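Colleague: I've just opened this one and don't know my way around. Can you walk me through it?

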Amino acid sequence: QIRYSIPEELTRGAFVGNIAKDLGTDVAKLAAANLQVLSDSDSQYFSVNVNTGVIMVSERIDREQLCGQNPRCFLHLKLAIENPVEFYRIEVEILDINDNPPEFPSDEVSLRIYELASLGARFPIQPAQDPDVGTNTLQTYHLSANDNFNLNVKARTDGGKFPELVLERALDREFRAFHYLVLTAEDGGSPPQSSKIRITIQVLDANDNHPVFDRPSYGARLVENSPLGTLVVKLNATDVDEGPNGDIRYSLSSHNSAALRQIFAIDEQSGEIRVQGNLDFEEATVYEIEVEAKDMGSPTMEEHCSVVVEVTDVNDNAPEVILTSFSSSLSEDALPGTVVAVIHVRDRDSGEQGKVLCHVSPDLPFQLRKDYEHQYSLLTSTRLDREHVAYYNVTVSASDLGSPPLSRHITLPITVTDVNDNAPQFEQASYEVLVAENNPVGSVLVTVSAVDPDSEQNSRLSYSILRAGGTDPGLDPTRYLSIHPTSGQVTAKFPFDYEQTTYLQFHVEVSDGGSPALRNRTLVHVFIVDQNDNAPRVHFPRAGEDSATQFRISPSIVPPALITKVVAIDADSGRNAWLSYHLVEATDPGLFSVALRSGEVRIMRALQETDASAHELLVVVRDAGEPPLSTAVTLVVLVEEKGPEALQGSEARAADGGGLPTITLYLIVSLVLISTVSLAGLAALGV
């Protein structure tokens, strides 16, 4: 970077610098390199002679137009050279010259001053303005020679100089009614420049005492955001005159800005300055109020003073919480330390009141990490479990260090997404089912149920039957049973037969829809309950389809001699196999009896000559089922002299002809009944 300094207002073509010399290169080389000058501003103030390497002024440069009141003024150029391409930055400082004289707002000003104005009274004059800077700007004022007034220059905190006429000798209107003065404003240039304003002073009679403040300046200190109507200061000015000439009215000077007038107001009679706008430390820390006190004389007399108000900062700005990055969903298998959100905080207050601390509830599985001064990261502190808590409202609190502290909260809704980390669990470790035999096909035997605390696809369950051992190791449960894959209902494919299978067990497996799927099993015990589906079967005595069993007894048999015993069995079990024997029909009902439980057939009285020689007995064997089933057997007892005694009988053909028509009828009826029952049982079994 190359720097030059030139004064403003140079003529066109004025020398600025020799770029070839300062770059240490040959002029011919610059010409061949196609040297170009590029300006950062809209105007092209400089040009370069490629033959000599000299930078010259190409346009008029007015430093006040470019930089205003800035103490230093720069113009920046760029030199571009080709082959190879190179850029050089040139900084030209524009030095101020004394090309602007101080100027007053007007050429003449008029003042009216009472002849009895107190010595030392001050009369402000509109100050002159000089756009130059440094020593070339306004430096001092000069007052023309006179007998009554002296000049005082008041310097403000912003560097401005305000001239005031100070009465040094009492006025006498009868001696001189008008005073003509000349005020000269002079800058510090070389040579200095100046301007003048004519001051015409009219000396008025009567009200010869101006108000006097009890101090030349006042100071006050207020906290920002003070309530409207807060008293800033109470001014006190006195005027020794009486009547209207001593009645003082206070007002804010015209020197005050419009913004200041919106913040402060003064009571014209009491002199109380009160707050009427918002005091904000972040906008201004000090206010300087110019106040004037005027009496009610004719003409009025006035006095001026300044009130300096310092504003102290209070903690009136809550921290701001800005969400830079945020993920609203988080997998439950996220590792501790996973970043959920990035938060930026700031506070407009100053000092300790502008420092911000953030925190979250310690009861949540989240923590804050301070990345740097104004940034925090929200992290997981422990592992998450969606089945325990599926949703979190994480409140991040930001508090400053003020007294009392201010805080702001932001709530972050975080949803925990599911992973397949829970296997299905059956409601029972095992199931026991009682099923009546001959059950309908498709009837529901049992419903197994499992639960999975996971969600959505991970909790969708599917049931299936596995092979398991039972009473028959080779029995495959899937041949007889099926299960609904979603409801868990186990149904029968075929009717069960207690006489073939009394017990069946199998495993039911449930799997979820996760990837990979998780599984569990339960054991189901099926107990077949017997039904009365088998009629009793007579084992003794045996008889053919068309024959009855015959027994021979002696006419001299002694009661209660045992003639025979009917023996029957029932394939059912339990109550369905409890048998009872009943004598249904007999040629002589009082001659024979049948034991209810044992089936023993006995003669109950001695035979007589009038008794028949052949007796037909119809014995029915009945079980205890609901409804009961029965089987009938026909016994023929022959009374013969040569027959054996009790318990001796033999089978014989049924009597032919019309000798025994009743026995033949009973046999036919019995066979028909037995055949009908058998066919019905086979048909039911087939269904």
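Colleague: Let's start with Lys294. Which residue stands opposite Lys294 in S23?
Modeller: In S23, Lys294 faces Glu302. Strands here are DSSP runs (E, at least two residues), numbered from the N terminus.

Colleague: How many bridges join S22 to S23?
Modeller: Nine, and the two strands run antiparallel. Two strands count as paired if DSSP finds at least two bridges between them. S22 and S23 also form a hairpin, with six residues between them.

Colleague: Hang on, what kind of model is this, and how are residues numbered?
Modeller: It's a predicted model, where local features need pLDDT of at least 70 and side-chain atom pairs count only at pLDDT 80 or more, while totals for chains, interfaces and linings use all residues. Residues are numbered from 1 along each chain as its sequence is written, and side-chain values use heavy atoms, with hydrogens and water left out.

Colleague: Back to S23. How does strand S16 run against S23, parallel or antiparallel?
Modeller: Parallel: seven bridges join S16 (residues 217-223) to S23 (residues 302-312). Ser217 has Ser306 as its bridge partner in S23.

Colleague: And what holds paired strands together in general?
Modeller: Strands of a sheet pair through backbone hydrogen bonds, in either the parallel or the antiparallel sense.

Colleague: New topic: aromatics. How many aromatic pairs are there in the whole structure?
Modeller: The search finds ten. Rings of Phe, Tyr and Trp (its six-membered ring) pair if their centres lie within 6.5 Å; planes under 30 degrees apart are stacked, over 60 edge-to-face, and the rest tilted. One of the pairs is Phe264 with Tyr287, edge-to-face at 5.4 Å centre to centre and 75 degrees between the planes.

Colleague: What does the pair of Phe264 and Tyr287 tie together?
Modeller: Phe264 sits in strand S20 (residues 264-266) and Tyr287 in S22 (residues 286-295), so the pair links parts that are 23 residues apart in sequence.

Colleague: Is Phe264 buried or exposed?
Modeller: Buried, with a relative accessible area of 1%. Tyr287 counts as buried too, at 10%. The cut-offs are under 20% relative accessible area for buried, over 50% for exposed, and partly exposed in between (1.4 Å probe, protein chains only).

Colleague: Got another pair for me?
Modeller: Sure, Phe366 and Tyr392: edge-to-face, 5.4 Å centre to centre, with 80 degrees between the planes. Phe366 belongs to strand S28 (residues 366-372) and Tyr392 to strand S30 (residues 391-400), so this pair joins parts 26 residues apart in sequence. Both Phe366 and Tyr392 are buried. There's also an aromatic cluster made of Phe213, Tyr218 and Tyr250.

Colleague: What about cysteines: how many disulfides does the structure hold?
Modeller: Zero, taking a disulfide as a pair of cysteine sulfur atoms within 2.5 Å. Cys305 is buried at 2% relative accessibility, and Cys358 is buried at 13%.

Colleague: Which strands make up the open sheet with S8 in it?
Modeller: Four strands, in the order S8-S14-S13-S10, with mixed pairing. S8 (108-114) and S10 (138-143) are the edge strands, each pairing on one side only. S10 and S13 (residues 178-187) pair antiparallel over five bridges, and Leu138 has Asp187 as its bridge partner in S13.

Colleague: Last one: which domains does the chain have?
Modeller: Domain 1 (2-95), domain 2 (108-204), domain 3 (212-312), domain 4 (320-417), domain 5 (425-529) and domain 6 (537-639). Those bounds come from an automatic or database domain assignment. The centres of domain 2 and domain 5 are 115 Å apart, taken over C-alpha atoms.
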